[in-house]
Amino acid sequence: MMKLNRRAVLLGTGAIGVAALGGSLLGSGRPAQAATAINLTTRRTSFAFNGPTTQGVVSTVDNAPPPVLRLKQNVEAVLNFTNGLPDYTTMHWHGMRIPNAMDGVPYLTQFPIAEGETFEYRYTPPDAGTFWYHPHCMTGDQMAEGMTGLLIVDEAEDPGFDIDLPLNLKGFRLAEDGSFLPYYTARGAARGGTNPNVMTTNWDISPTYEVPAGGLARIRLGVTDITRVYKIVFPDVAGRIIAWDGHPIEEEVPWPTAEAPLILGPGQRVDVAIEAPADAEVELVFNHIIGARSMPLATLRTTGPALGRTLAQLAPLPENPIAKPDIENAEVIEMVFGWSPSDQIPYNGFCGGLPFTFWSIDRSPWPGDAADGTGPVATLEMGKDYILRMRNESPNDHPIHLHGLVFVPISSNKRKIPANYTDTVLLQKSETIEVALRADNPGDWAFHCHVIEHQKTGLAGFIRVV
Ligand code: C2O
Ligand code: CU
Ligand code: CU
């Protein structure tokens with residue numbers, strides 16, 4: 001592996017000045033306002049899944065793993081992030097439409113953060129909803145060990161639920177003694193990914209949570225697994241899906257059943273409103289299907305005297321301020337996701353690459369974290385509308401994620417996709433999906449498959465908005 005100074009290479013338009021300031025001066029000159037201030041440290045901790053203790057899981061302070069962060073829409077957040085690990089890292093805020101310099105992508109938007117260093121991430125969330133955060137340097141190792149947390153942005157007005165329950169869905173690859181199995185395999189990376197063998201919800205195997213009988217519950221499901229595409233079956237109860245990948249739904253999504261489960265790829269989130277049954281001690285089970293087996297992800301148990309709430313009392317969630325792309329006049333950009341034409345070893349200075357190249361975007365494999373000399377997958381003009389026609393020529397699923405912007409699916413050659421705003425769309429085997437977007441956030445935005453083994457073996461790039 002070639003060594004270089006981590007400050008030697010930084011891609012991107014205008015990012016150098018900002019990164020050199022460490023982002024800490026971005027907020028200067030603004031009027032003082034009440035900000036959400038959070039101190040975060042990545043560090044090692046340990047926990048047990050109904051069995052031997054697992055050591056070496058990466059987590060953050062102030063919270064038991066997995067940490068849920070809560071911000072408020074339109075209120076500035078100051079996240080003082082300290083790297084407490086010997087490896088380099090950065091922190092990324094998945095799905096957040098924030099300034100590029102705060103996006104946490106090594107070399108593209110900032111330098112990797114060394115052990116003991118603190119980086120101040122400071123931004124004002126424009127959108128309410130369910131997002132998440134994870135490292136973008138040493139991504140594979142740190143996420144495999146547990147550093148994935150849900151990031152909730154509360155609506156400016158309380159939407160009126162009796163309980164709000166985040167469910168962080170993630171698997172781990174563990175041996176009998178609780179130690180980690182290899183996070184990745186070459187075989188997995190070249191195919192559908194190396195699947196976890198211990199499936200957890202909030203770092204617990206099939207937990208049960210109490211919900212008030214006759215109450216309105218908001219359940220936030222987030223798949224933060226590095227590989228697994230979930231198939232989820234909801235309990236048979238009065239409820240509806242109210243948000244998709246952070247944003248209030250525009251087009252209804254059917255209630256998932258055993259015949260038609262909810263397919264949710266790594267990186268995706270769904271918010272559900274449930275009217276809990278009036279009787280106490282009723283159990284509502286969210287199951288997931290792996291092969292022919294159905295397993296409980298989480299159980300809700302009703303408790304207490306009936307609150308008598310009904311779904312009809314819920315107003316629709318307020319819309320997020322997303323600009324609707326003009327599809328008629330949008331420019332079409334073709335993209336193909338597939339195998340790599342070369343087996344060149346990815347170049348990685350500090351952010352933990354895998355020693356193979358299997359994948360590509362437009363036949364060009366991303367050569368590693370510090371991808372000097374690699375241009376953008378596409379350059380979009382600020383304020384203009386685009387249709388990305390994304391073709392998967394492989395027999396594997398790819399949850400394709402774009403930072404900093406949201407897009408809306410408008411067609412698929414295989415299935416009906418509800419037209420809901422998203423940052424991550426699951427491109428299924430041999431599928432072509434068209435998505436529309438307005439390029440309204442300037443910068444170099446990472447664009448990659450969220451199966452981390454695919455991302456780390458070529459299926460990554462960036463989209464430039466100027
Ligand atoms: Cu979840 Cu590049 O991000
Ligand atoms: Cu992201
Ligand atoms: Cu992929």
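Which protein donors does the copper ion (ligand 3) have? Keep that in mind as you open this predicted model, and let's walk through it together.

**Stop 1: the copper site**

Select ligand 3, the copper ion, and show the side chains of H398, C449 and H454. These are its protein donors: ND1 of H398, SG of C449 and ND1 of H454, lying 2.0 to 2.1 Å from the ion. Now look at where they sit along the chain: the donors follow the spacing H-x50-C-x4-H. Next, switch on a surface and look for two of them. C449 has a relative accessible area of 0%, so it counts as buried. H454 is also buried, with a relative accessible area of 0%.

**Stop 2: the nonpolar cores**

Hide the surface and select M335, F337, L380, M390, I400 and F447. They belong to the largest nonpolar core, which has 31 residues, and they are the members with the most contacts inside it. Centre the view on M390 and ask: which residues is M390 in contact with, leaving aside its neighbours within four places in sequence? Among them are fellow core members M335, F337, I400 and F447. The list also takes in V425, L427, E431, T432, I433 and V435.

From here, move to I232, V237, I241 and A276, which are part of a second, separate core of 29 residues. As background, nonpolar side chains in soluble globular proteins tend to be buried together.

**Stop 3: the disulfide**

The structure holds one disulfide, so named as a covalent bond between the sulfur atoms of two cysteines. Select C137 and C351 to see the link, with an S to S distance of 2.0 Å. The angle about the S-S bond is -90°, and the link is left-handed. What does the pair tie together? C137 lies in the loop between β7 (129-135) and α2 (139-144), while C351 lies in the loop between β20 (331-339) and β21 (359-361), so the bond ties together parts that are 214 residues apart in sequence. Both cysteines, C137 and C351, are buried.

**Stop 4: the whole protein**

Finally, zoom out and switch to a cartoon view. You will find four helices and 29 strands. Of the 466 residues, 60% count as buried. Among contacts with a separation of 6 or more, 76% are accounted for by residues 24 or more positions apart. Bring the surface back for a last look: the protein exposes about 17,400 Å², and carbon and sulfur atoms supply 52% of it.

Key:
Residues are numbered from 1 along each chain as its sequence is written. Chains are lettered from A and ligands numbered from 1 in the order in which they are written. This is a predicted model: local features need pLDDT of at least 70, side-chain atom pairs count only at pLDDT 80 or more; totals for chains, interfaces and linings use all residues. Side-chain values use heavy atoms; hydrogens and water are left out. Donors are N, O and S atoms within 2.8 Å of the metal (3.2 Å for Na, K and Ca); water is not among the atoms, so sites may look incomplete. Buried means under 20% relative accessible area, exposed over 50%, partly exposed in between (1.4 Å probe, protein chains only). A nonpolar core is a set of buried Ala, Val, Leu, Ile, Met, Phe, Trp, Tyr and Cys residues joined through side-chain atoms within 4.5 Å. Contact means heavy atoms within 4.5 Å. Helices (H or I, at least four residues) and strands (E, at least two) are DSSP runs, numbered from the N terminus. Accessible areas come from the Shrake-Rupley method with a 1.4 Å probe; for residues, only the protein chains shown count as cover. A disulfide is a pair of cysteine sulfur atoms within 2.5 Å.
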